[in-house]
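Dear colleague,

Please find below the structure that I am handing over to you. My findings follow it, and I would be grateful if you could read them alongside the coordinates.

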Amino acid sequence: MATDTADRGDDRPTSAVFGAPGRYIQGVGAIDELTPWLERLGIRRPLLLVDPVAAEILGERIEGIPGATTCEFGGETSPEEVDRITDRIEDADADAVVGIGGGKTIDAAKAAAHPAGRRLVIVPTLASTDAPTSALSVIYSDEGEFLEYRFFERNPDVVLIDTEVVARAPVRFLVAGIGDALATWFEAESSSVTRTPAMAGGAPTRSGLALARLSYDTLLEYGVAARRAVEQDAVSYAVEAIVEANTLLSGLGFESGGLAAAHAIHNGLTALEATHDYQHGEKVSFGLASQLMMEDRPVEQIDTVYDFCLSVGLPIAFADIGLEKVGRDELRKVAEAACAPGETIHNEPFPVHASMVVDAMISADAYARERRRNYPGEMPTPAA
Ligand SMILES: [Zn+2]
């Protein structure tokens, strides 16, 4: 008997989707493989979108790329900045965009290259976020307030990360990347219970969850050792493991595993100006501490996360992200932004209301101060 497959008689949920970049390259000296990769991809007129700090660090290693035009990144992934870069693509008749810098440069490169239909190569100079591998950009106002996510149909063609460059940057960036990655497995696990579509545009995959879990396990195992090595500008196995966990594992994990409360609370925190000097991953770390307070997690698991944050210097208390004097009114503002319609906090497996988020943040701060008093070892300062 013939069956009409389009009519199943119910609203069966969407298919699972997994997204990944075409190639991921990581290692000491990887930056010198950029030109050969551009040639291999047949790119002849790349627009290099370069963060000024990255330009200074890389110097002549990104000069002399055949056919390249350089465009300096303006500092914020705002709608205006994306439009400006789009104009530069047209003016230079570029056939690709190469984003060289930190998370915001990378997101701006994606937001300009994809709608313009150009190829995209990402060269992160920091391991401070899991933005590099994904097919989405986070857009902020010129003042640094979260505006929206923009989703694209493709991931970058190539992600190329030089671990020596990453290790020479201030250690704060690597630690912030650990904070961003630390939340990934918890968010993916919580949101996958509901099978809500993940950022890749479909239900979460087992692969996304497994990679998120591997990221979490890698952070716990190598986080402290990597921090200590990078403080000395050294690239050890631990540094390679953490750069992969922060960038590739967390990137694939969040995109195809799902986001939940931690990132929504991060987005809410950007509404308070006092947090603007803090890195994305530092605010995500506090968001995770709050998420754990809201969820029914075993206390040993909560203690593991809090103590790990203390051991690497990640924020879990208000004072760690510039909010030592924060009041309930301001926290209410954060919570309402975190609970805006469409925010990933609604991927949690229970209904979330703003008052719950206020209480979760206050509880996280109180518990963090308690754990810090009882912490036996020497602690690095968050955001140092
Ligand atoms: Zn993030």
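**Cavity lining and salt bridges**

The residues that line the second largest cavity fall into a single class: seven are nonpolar, none is polar and none is charged. Please bear in mind throughout that this is a predicted model.

The lining in question consists of Leu126, Ala127, Val166, Ala169, Pro170, Phe173 and Leu174. The volume of this second largest cavity is about 30 Å³. In total, two cavities of 30 Å³ or more were counted.

I turn now to the charged side chains. Side chains of opposite charge can pair when their charged atoms come close. The structure contains 24 salt bridges, and three of them are described here.

The first to be described joins the side chains of arginine 61 and aspartate 32, with an N to O distance of 3.0 Å. This pair links distant parts of the chain, its members being 29 residues apart. Arginine 61 lies in the loop between helix H2 (52-58) and strand E3 (69-72), while aspartate 32 lies in the loop between strand E1 (23-27) and helix H1 (34-40). Arginine 61 has a relative accessible area of 34% and is therefore partly exposed. Aspartate 32 is likewise partly exposed, at 48%, a value that stays below the 50% over which a residue would count as exposed.

The next pair is aspartate 307 and arginine 371, whose closest N and O atoms are 2.7 Å apart in a salt bridge. Here too distant parts of the chain are linked: aspartate 307 belongs to helix H11 (residues 299-312) and arginine 371 to helix H13 (residues 354-374), with their positions 64 residues apart in the numbering. Both partners are partly exposed, aspartate 307 at 23% relative accessibility and arginine 371 at 22%. Elsewhere, salt bridges with shared partners connect Asp32, Arg61 and Asp162 into one network.

The remaining pair lies within one helix. Arginine 84 forms a salt bridge with glutamate 81, and their closest N and O atoms are 2.8 Å apart. The two residues are separated by about one helical turn, because they stand three residues apart in helix H3 (residues 79-92). Their accessibility sets them in separate classes: arginine 84 is partly exposed at 33%, whereas glutamate 81, with a relative accessible area of 9%, is buried, since buried means under 20%.

With kind regards

Technical notes:
Residues are numbered from 1 along each chain as its sequence is written. This is a predicted model: local features need pLDDT of at least 70, side-chain atom pairs count only at pLDDT 80 or more; totals for chains, interfaces and linings use all residues. Side-chain values use heavy atoms; hydrogens and water are left out. A salt bridge is a side-chain nitrogen of Lys or Arg within 4 Å of a carboxyl oxygen of Asp or Glu. Helices (H or I, at least four residues) and strands (E, at least two) are DSSP runs, numbered from the N terminus. Buried means under 20% relative accessible area, exposed over 50%, partly exposed in between (1.4 Å probe, protein chains only). On a 1 Å grid over the protein atoms alone, a cavity is a set of points where a 1.4 Å probe fits but cannot get out, and a pocket is an open set with protein on both sides within 12 Å along at least five of seven lines; lining residues have an atom within 4 Å of a point. Grid points are joined across faces, edges and corners, and a volume is the space filled by probe spheres set on the points. Ala, Val, Leu, Ile, Met, Phe, Trp, Tyr, Cys and Pro count as nonpolar, Asp, Glu, Lys and Arg as charged, and the others, Gly among them, as polar.
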